[in-house]
Amino acid sequence: MRFPFRSKKAYKTSTPAETPKPAAIESNVEPDDLADAFCSLSFSINSKPSAKSPVSSGVQILEPAPQNRFPIFPMAEHPQCRVCRWRPRYKNFVKADNKKGNVGRPFFICVKCKKNASADPYHSKISREVGWISWDDYIGVHERNPPCACGVVCRQDRAGPDSSCPGAGFWTCATGSCGFVSFRKDALTTDEAYRQRAPYDDGFEPWLL
């Protein structure tokens with residue numbers, strides 16, 4: 001049996017057409033910009049989502065974790081009194097006859113509140129404490145101190161000899177902007193310690209003074 005004749009053209013393989021090379025695309029993006037974009041993308045994927053973070057094009061951009069701010073002394077602007085919102089005009093300095101170890105330290109007081117407390121016989125015993133605003137130095141302020149209600153690292157201070165707990169250490173607002181105060185070593189306020197059922201704390205000896 002003879003097979004039908006097939007032309008050689010049927011067995012001739014055709015070479016595929018060469019694929020044209022794409023033209024070079026000019027871009028103004030630098031390698032550093034691409035690296036920054038990659039880092040920001042990996043940070044958004046590996047980080048935990050935040051409710052306040054904006055969402056754009058399906059990629060969640062997260063804000064960095066808040067850090068405790070550090071106060072700057074001397075203050076550029078005199079602080080206000082937390083009670084009457086009066087702002088003192090002048091800065092005071094501890095006199096040389098001070099027996100608490102604060103000679104020469106700068107501080108601010110509210111003259112109005114102090115004058116009103118001195119005129120009231122009921123507040124005559126605490127007239128020395130009324131009107132106090134803040135120190136104006138770095139004594140007792142450290143970057144590892146816990147934050148106050150302002151979000152600023154607080155100040156470690158010591159109660160005076162005339163107080164109910166002489167020599168006891170306590171935490172307070174470094175700039176006098178809020179009424180934060182804690183006599184516990186963990187810097188919990190009385191309300192916070194009660195809500196968290198924290199164990200009893202008999203106070204601490206200040207180590208930054």
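Let's start with one pair of residues: Trp171 has Ser182, in strand E8, as its bridge partner. Keep in mind that what you're looking at is a predicted model. That pairing belongs to the link between E7, which covers residues 169-172, and E8; the two strands run antiparallel and are joined by two bridges.

Now look to the other flank of E7. Here E6 and E7 pair over four bridges, again in the antiparallel sense. One of the residue pairs involved is Arg158 with Gly169, the latter being its bridge partner in E7. Put the pieces together and you get an open sheet of three strands, ordered E6-E7-E8, with antiparallel pairing. E6 (155-158) and E8 (181-182) sit at the edges with a single partner strand each, so one side of each has no neighbour in the sheet.

What about the side chains along E7? Gly169 and Trp171 point one way, while Phe170 and Thr172 point the other way, and all of them are buried. Gly169 is worth a stop. This residue of strand E7 has a relative accessibility of 1%, which is why it counts as buried, the cut-off being under 20%. Setting aside residues up to four places away in sequence, Gly169 touches Asp157, Arg158, Phe183, Phe204 and Pro206. As for Ser182, it comes 13 residues away from Gly169 along the chain, and the C-alpha atoms of the two are 8.9 Å apart.

Trp171 also leads us into the interior. The largest nonpolar core holds 14 residues, and those touching the most other members are Phe73, Val141, Cys148, Cys154, Trp171, Cys178 and Phe180. A separate core consists of five residues, including Cys81, Phe108, Cys113 and Ile133. Back in the largest core, take Cys178. Once neighbours within four places in sequence are left out, Cys178 is in contact with Arg82, Cys148, Ala149, Cys150 and Cys173.

From Ser182 you can head for a pocket instead. Which residues line the second largest pocket? They are Val181, Ser182, Phe183, Arg184, Leu188, Thr189, Thr190, Ala193, Tyr200 and Asp201. Strand E8 and helix H4 (190-195) each contribute at least two residues to that lining. If you're wondering about its chemistry, the lining splits into five nonpolar, three polar and two charged residues. The volume of this pocket comes to about 170 Å³.

Finally, zoom out to the whole chain. There are four helices and eight strands, and reading along the sequence gives the pattern α-α-β-β-β-β-α-β-β-β-β-α. Of the 209 residues in the chain, 27% are buried. And how do the contacts spread over the sequence? Among contacts in the chain with a separation of 6 or more, 44% are between residues 24 or more positions apart.

Technical notes
Residues are numbered from 1 along each chain as its sequence is written. This is a predicted model: local features need pLDDT of at least 70, side-chain atom pairs count only at pLDDT 80 or more; totals for chains, interfaces and linings use all residues. Side-chain values use heavy atoms; hydrogens and water are left out. Two strands pair if DSSP finds at least two bridges between them. On a 1 Å grid over the protein atoms alone, a cavity is a set of points where a 1.4 Å probe fits but cannot get out, and a pocket is an open set with protein on both sides within 12 Å along at least five of seven lines; lining residues have an atom within 4 Å of a point. Grid points are joined across faces, edges and corners, and a volume is the space filled by probe spheres set on the points. Ala, Val, Leu, Ile, Met, Phe, Trp, Tyr, Cys and Pro count as nonpolar, Asp, Glu, Lys and Arg as charged, and the others, Gly among them, as polar. A nonpolar core is a set of buried Ala, Val, Leu, Ile, Met, Phe, Trp, Tyr and Cys residues joined through side-chain atoms within 4.5 Å. Buried means under 20% relative accessible area, exposed over 50%, partly exposed in between (1.4 Å probe, protein chains only). Contact means heavy atoms within 4.5 Å.
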